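Q: Got a minute to look at this one with me? I'd like to go through it piece by piece.

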Amino acid sequence: MKSNFELWKEGKLSMFIVSFTINGVSGSDSITYSEAEAKEYLSKCCNEFEGTGFEGLLEVRIYNPDLEDRGQHDSEDQIFEDCDYLDVDPYFSEIKKL
């Protein structure tokens with residue numbers, strides 16, 4: 001059975017880069033493969049900081065390079081390293097603030 005990462009490399013799944021930023025400082029980032037997973041992750045992050053006075057920015061970016069470029073990634077961790085923290089165009093087809 002193939003992993004979600006392998007299915008993404010084959011173009012069969014979308015990849016969602018999820019960022020939870022606290023008062024302008026990156027607090028937590030994760031890769032998910034569905035919008036539902038992304039929302040669940042952000043909800044968990046928000047619950048951890050509820051009532052603390054911190055303001056969080058919630059952002060989901062869809063990482064969508066061409067298939068031949070996807071093949072260059074050996075692991076999910078490499079995506080964070082290769083993208084210089086993901087400020088790469090034109091791979092982000094959509095950015096949502098939740």
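**Aromatics, a lone arginine and salt bridges**

A: Sure. Phe5, Trp8 and Tyr63 form one aromatic cluster. Keep in mind that this is a predicted model.

Q: How many aromatic pairs does that come to?
A: Two aromatic pairs. In one of them, Trp8 and Tyr63 are stacked, with 5.7 Å centre to centre and 20° between the planes.

Q: Where do Trp8 and Tyr63 sit along the chain?
A: In distant parts of it: Trp8 is in helix H1 (residues 4-9) and Tyr63 is in strand E3 (residues 56-63), 55 residues apart.

Q: And are Trp8 and Tyr63 buried or exposed?
A: Both are buried.

Q: Okay, switching to Arg70. Which helix is Arg70 in?
A: Helix H3, which covers residues 67-70.

Q: What's the nearest side chain of opposite charge to Arg70?
A: That's Asp66, at 7.3 Å. Arg70 has no salt bridge, even though it is buried.

Q: Which residues does Arg70 touch, then?
A: Leaving out residues up to four places away in sequence, Arg70 touches Trp8, Lys9, Gly11, Leu13, Asn64 and Pro65. Trp8 is also part of the aromatic cluster with Phe5 and Tyr63.

Q: How many salt bridges does the structure hold?
A: Three. Glu10 takes part in a salt bridge with Lys2 at 2.4 Å, N to O, and in another with Lys12 at 3.0 Å. Glu35 pairs with Lys39, their closest N and O atoms being 3.8 Å apart.

Q: How far apart are Glu35 and Lys39 in helix H2?
A: They're four residues apart in helix H2 (residues 35-49), so about one helical turn separates them. Glu35 is partly exposed at 31% relative accessibility, and Lys39 is partly exposed too, at 44%.

Q: Which residues do shared salt-bridge partners join into one network?
A: Lys2, Glu10 and Lys12. Glu10 is partly exposed at 32% relative accessibility and Lys2 is partly exposed at 45%, while Lys12 counts as exposed at 57%.

Q: Zooming out, what pattern does the protein follow along the sequence?
A: It reads α-β-β-α-β-α-α-β, with four helices and four strands.

Q: How many of the residues count as buried?
A: 35% of the 98 residues. The accessible surface comes to about 6,000 Å², and 47% of that belongs to carbon and sulfur atoms.

Q: Last one: what share of the contacts with a separation of 6 or more comes from residues 24 or more positions apart?
A: 62% of them.

Note on methods. Residues numbered from 1 in each chain as written. Predicted model: local features only at pLDDT ≥ 70, side-chain atom pairs only at ≥ 80, totals over all residues. Heavy atoms only, no water. Phe/Tyr/Trp six-rings, centres within 6.5 Å; stacked < 30°, edge-to-face > 60°. Helix = DSSP H or I, 4+ residues; strand = E, 2+ residues; numbered from the N terminus. Buried < 20%, exposed > 50% of the residue type's maximum accessible area, 1.4 Å probe, protein only. Lys, Arg positive; Asp, Glu negative; His and termini not counted. Salt bridge = Lys/Arg side-chain N within 4 Å of Asp/Glu carboxyl O. Contact = heavy atoms within 4.5 Å. Areas by Shrake-Rupley, 256 points an atom, 1.4 Å probe, with all protein chains shown as cover.
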